[in-house]
Amino acid sequence: MDGMRVWYWISSIGLAALLFRPAKKMILAQRVRRTERKLDRQLTEEELKDLEKRTVPMTVFIVVTFSFLFNSVIMNKYF
């Protein structure tokens, strides 16, 4: 593997790791608000934990996709 390809993979995975936590918090907050509005009540702890578990795979997909596409655009433009 050439150096640029290695750098692309490392920087994409690093960017995904850095973005995971804030993106998860933002998506979870939106899902909690939407669910509370829909049910017209506060969620229980069990419901919050269930929502959080279901938020993780969606967040991973969004963050990894974004980071690889972002790095692809940046590397094609500047390198």
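These are my notebook entries on aromatic pairs and one lysine in a predicted model.

**Entry 1, aromatic pairs.** I began with the rings and found that the structure holds four aromatic pairs. One of them joins tyrosine 8 and tryptophan 9, whose ring centres are 6.4 Å apart and whose planes meet at 85°, so I noted this pair as edge-to-face, given that planes over 60 degrees apart count that way. I then looked up how accessible tryptophan 9 is, and with a relative accessible area of 42% this residue is partly exposed. Ring pairs also link Tyr8 and Trp9 with Phe68, and I recorded these three residues as a cluster.

**Entry 2, two phenylalanines.** Another pair I looked up is that of phenylalanine 66 and phenylalanine 70, where the ring centres lie 5.6 Å apart and the planes are at 25°, so the pair is stacked. Both residues belong to helix H2 (residues 45-78), and because they are four residues apart there, about one helical turn separates them. For accessibility I wrote down 42% for phenylalanine 66, which is partly exposed, and 38% for phenylalanine 70, which also counts as partly exposed.

**Entry 3, lysine 24.** I turned next to lysine 24, which I located in helix H1 (residues 3-39). Leaving aside residues up to four places away in sequence, I listed Glu52, Thr55, Val56 and Thr59 as the residues that lysine 24 touches. With glutamate 52 there is a polar contact between the two side chains, at 3.1 Å.

Technical notes:
Residues numbered from 1 in each chain as written. Predicted model: local features only at pLDDT ≥ 70, side-chain atom pairs only at ≥ 80, totals over all residues. Heavy atoms only, no water. Phe/Tyr/Trp six-rings, centres within 6.5 Å; stacked < 30°, edge-to-face > 60°. Buried < 20%, exposed > 50% of the residue type's maximum accessible area, 1.4 Å probe, protein only. Helix = DSSP H or I, 4+ residues; strand = E, 2+ residues; numbered from the N terminus. Polar contact = N/O pair within 3.5 Å; in protein donor to acceptor, adjacent residues only side chain to side chain. Contact = heavy atoms within 4.5 Å.
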